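Visitor: Please pick a single part of this model and look at it closely. Then work outward from there to whatever it connects with.

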Amino acid sequence: MIARLAIALGLVLLTSSCWWPAPNRAVTPSEVIENIHLWNGKTVTVAGWLGTCSGYDCHIFSQKADMEIVEARNYESRAWFESMDRGLSVGSTDAFDAAALQLQHKFVRIKGRVNNRCTSWFGKRTCTDRAPDLEPIGIEAANPLKGL
């Protein structure tokens, strides 16, 4: 009986992203992280603070303070790790990186497709170096007071 219940629950979780709609409004990076499995494959607009975006690194943060802590590059501090965990990794394309170059360290809106490939069902991130949690389609500057 328990095995059947576990299988049924697993099927519900696996198929839930097929019918769970993504919001029609801009969302925060934190919201995407919280809903990454439900929104997998959906296109969303994410508003937040863009860190350095080149090579193996590109994150968008809900809070400016998290972006600043990560940008300070104190890799061994607990604050750095905690801030990185709150950031949403943005995948890489040459066109996106070129467009993002002038918008680094600013409040932006990124339109992209959510990808849960690098996040386990228990919320643990399994990829390093620029995971494609958000596969970018476009980026634009935004006002932090009116960004969401």
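**From one disulfide to the sheet**

Guide: The disulfide of Cys118 and Cys127 is left-handed, because the torsion about its S-S bond is about -70°. The model is a predicted one, in which local features need pLDDT of at least 70 and side-chain atom pairs pLDDT 80 or more, while totals for chains, interfaces and linings use all residues. Residues are numbered from 1 along each chain as its sequence is written, and side-chain values use heavy atoms, with hydrogens and water left out.

In this link the two sulfurs are 2.0 Å apart; a disulfide here is a pair of cysteine sulfur atoms within 2.5 Å. Cys118 has a relative accessible area of 3% and is therefore buried, whereas Cys127, at 33%, is partly exposed. Buried means under 20% relative accessible area, exposed over 50% and partly exposed in between, with a 1.4 Å probe and protein chains only. The whole structure holds two disulfides. The other one joins Cys53 to Cys58, S to S 1.9 Å, is left-handed as well with -75° about the S-S bond, and has both of its cysteines buried. Counting bonded cysteines along the chain, the pattern is 1-2, 3-4.

Next comes the sheet. Five strands, in the order S3-S2-S1-S4-S5, make an open sheet with antiparallel pairing. Strands S3 (88-89) and S5 (134-141) are at its edges with a single partner strand each, so one side of each has no neighbour in the sheet. Strands (E, at least two residues) and helices (H or I, at least four) are DSSP runs numbered from the N terminus, and two strands pair if DSSP finds at least two bridges between them. Four bridges join S1 to strand S2 (residues 57-61) in the antiparallel sense, and Trp49 stands opposite Phe61 in S2.

Trp49 also takes part in one of three aromatic pairs. Its ring centre lies 5.3 Å from that of Phe107 and the planes are at 75°, so the pair is edge-to-face. Trp49 is in strand S1 (residues 43-54) and Phe107 in strand S4 (residues 107-114), so the contact ties together parts 58 residues apart in sequence. Both Trp49 and Phe107 are buried. Rings of Phe, Tyr and Trp (its six-membered ring) pair if their centres lie within 6.5 Å; planes under 30 degrees apart count as stacked, over 60 as edge-to-face and the rest as tilted.

Salt bridges complete the picture; there are six, each a side-chain nitrogen of Lys or Arg within 4 Å of a carboxyl oxygen of Asp or Glu. Among them, Arg130 and Asp97 meet at 2.5 Å, N to O. Arg130 lies in the loop between S4 and S5 and Asp97 in helix H5 (residues 94-100), so the bridge ties together parts 33 residues apart in sequence. Arg130 has 9% relative accessible area and is therefore buried; Asp97 also counts as buried, at 16%. Another bridge joins Glu135 and Arg113, with the closest N and O atoms 3.6 Å apart. Glu135 is in strand S5 and Arg113 in strand S4, 22 residues apart. Glu135, at 25%, is partly exposed, and so is Arg113, at 40%.
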